[in-house]
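Hi,

Here is the structure I said I would pass on. Have a look at it first, and my notes follow below.

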Amino acid sequence: MLCLHSGLDASDMRAAVEAGFRASASGPCDEGGLGAGEFSGEPNPMLPKWLRRLRRSEVTDRVMNDPRTTMGTVLGVSPDEAKRGAAGWGQADFDEPWRDLSPDDRVLLYAHFFQLGHLEELVTAFGRLFGGTDRPRDLIVVDLGCGPFTGGLAIAGRFDEDARLDYVGVDRSQAMHRLGARLALAAEQVHELPRIRCRWATNIQTVPWDDRPGWRPVLVIVSYLFASPTLDVETLVADLDELLPRLGRGLVSVLYTNSARDDANRQFLIFCSMLHDRGFELQVDEVGDIDVERGPAVKNRRLRYALFHRPSRKTLRLG
Ligand SMILES: C[S@@+](CC[C@H](N)C(=O)[O-])C[C@H]1O[C@@H](n2cnc3c(N)ncnc32)[C@H](O)[C@@H]1O
């Protein structure tokens with residue numbers, strides 16, 4: 001497991017530094033809640049058993065036991081067609097049918113082929129972020145481009161049963177919400193988890209949230225959203241800026257994971273710059289590998305990983 005180099009090249013890094021970012025390799029955050037986020041050199045906590053069982057019963061078995069699945073096909077299409085055509089490498093318009101596949105089929109194929117690696121990355125990242133003894137007991141999770149509850153599944157096991165989590169899954173695809181809600185329900189049945197209240201929205205502007213704003217810490221997850229051709233980063237950050245005060249004034253952390261490919265991260269610098277303008281500090285931005293288990297073998301999985309923090313807003317902001 002190595003974090004080989006920073007995700008920013010030298011000129012990008014200069015531009016970022018000129019823009020005023022402080023990219024520190026480590027160091028605890030100013031508040032106890034969401035602690036240090038350094039990624040490099042971490043032992044990889046493999047997926048917990050309950051999560052592997054859940055994926056087997058709710059994803060793998062459903063695909064493999066489907067009457068359309070034959071030797072060499074899944075739901076009646078080749079694995080290559082499933083990844084490329086049905087799931088569009090994770091960037092499909094999942095609410096549209098594709099050939100004979102329904103939106104729910106497409107989402108199931110996404111979960112079958114792509115969700116596992118994303119879960120492994122997030123479980124590893126959360127193992128570090130929430131590894132200390134001072135884990136927050138009342139976290140709000142906002143998962144942008146949430147897919148089928150991926151961030152929720154990865155984080156659920158990090159907290160004790162008596163913790164309270166609010167999970168807001170934002171995804172333009174309602175078929176993703178449906179599989180996400182199914183996985184959230186199944187997770188409660190297979191394992192003792194903290195109370196998780198799930199809400200779903202197709203965009204940030206329509207997030208349903210009526211609780212009074214308080215001081216609860218917020219974790220924003222952005223996992224593999226940035227390759228999406230429909231993503232408008234400026235709108236995303238502006239909308240997030242409107243949502244966060246509705247949730248409260250607490251510490252906000254933003255966890256970004258993505259493919260290491262440059263084209264998938266082309267909007268990352270704008271994202272950094274916009275978050276910086278809103279008081280976020282870039283704590284880490286790296287490209288590197290984690291170890292993942294594949295049957296008896298251990299393989300490297302390469303990703304881009306970044307973490308931002310913004311302290312809680314304890315001072316008056318005069319108009
Ligand atoms: C590659 S998947 C990642 C899903 C999940 N975060 C994960 O790691 O498994 C990208 C997700 O973003 C959603 N998406 C793409 N563009 C979006 C947009 N503009 N607004 C909200 N969701 C979007 C897609 O529907 C899809 O579920």
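At what angle do helix H2 and helix H6 pack, and how far apart are their axes? The angle is about 130 degrees, and the axes are 10 Å apart; H2 covers residues 49-64 and H6 covers residues 174-190. That angle makes H2 oblique to H6, and the crossing is right-handed. On the H2 side the contact is made by Trp50, Arg53, Leu54 and Glu58, and on the H6 side by Arg182, Leu183, Ala186, Ala187 and Val190. Sorted by class, this contact of H2 with H6 has six nonpolar and three charged residues, with no polar ones.

Before you go further, keep in mind that this is a predicted model. The average pLDDT of the chain is 87, and 86% of the residues score at least 70. The start of the chain is where to be careful: over residues 1-44 pLDDT stays under 50. For that stretch the model has 90 contacts beyond four places in sequence.

Back to the helices. H6 also meets H4, and the axes of H4 and H6 come within 9 Å, crossing at roughly 60 degrees. So H4 is oblique to H6, since an angle of 60 degrees falls outside the 65 to 115 range that counts as roughly perpendicular. This crossing is right-handed. H4 brings Pro103, Asp104, Arg106, Val107, Leu108 and Ala111 to the contact, while H6 brings Ala175, Met176, Arg178 and Leu179. In the contact of H4 with H6 there are seven nonpolar and three charged residues, and no polar ones.

H4 (residues 103-129) has another partner in helix H3 (residues 79-86). Their axes come within 10 Å and cross at roughly 115 degrees, which makes H3 roughly perpendicular to H4. Here the crossing is left-handed. Ala82, Lys83 and Ala86 of H3 make the contact with Arg106, Leu109 and Phe113 of H4. You will have seen Arg106 of H4 already, in the contact with H6. By class, the contact of H3 with H4 has four nonpolar and two charged residues, and again no polar ones.

Then there is the ligand. How many residues surround it, and which are the closest? There are 19 residues around the ligand, and the closest are Gly90, His118, Gly145, Gly147 and Thr150. One of these, His118, sits in the stretch that H4 covers, residues 103-129. As for class, the shell around the ligand has ten polar, seven nonpolar and two charged residues. The helix contacts above have no polar residues, be it H2 with H6, H4 with H6 or H3 with H4.

Enjoy looking around!

Conventions
Residues numbered from 1 in each chain as written. Predicted model: local features only at pLDDT ≥ 70, side-chain atom pairs only at ≥ 80, totals over all residues. Near = placed C-beta within 6 Å. Nonpolar A, V, L, I, M, F, W, Y, C, P; charged D, E, K, R; others polar. Axes fitted to C-alpha atoms, helices over the stretch in contact; angles between N-to-C directions. Helix = DSSP H or I, 4+ residues; strand = E, 2+ residues; numbered from the N terminus. Parallel < 35°, antiparallel > 145°, perpendicular 65-115°, else oblique. Left-handed = near helix turned anticlockwise from the far one by under 90°. Contact = placed C-beta atoms within 7 Å. pLDDT = per-residue confidence, 0-100.
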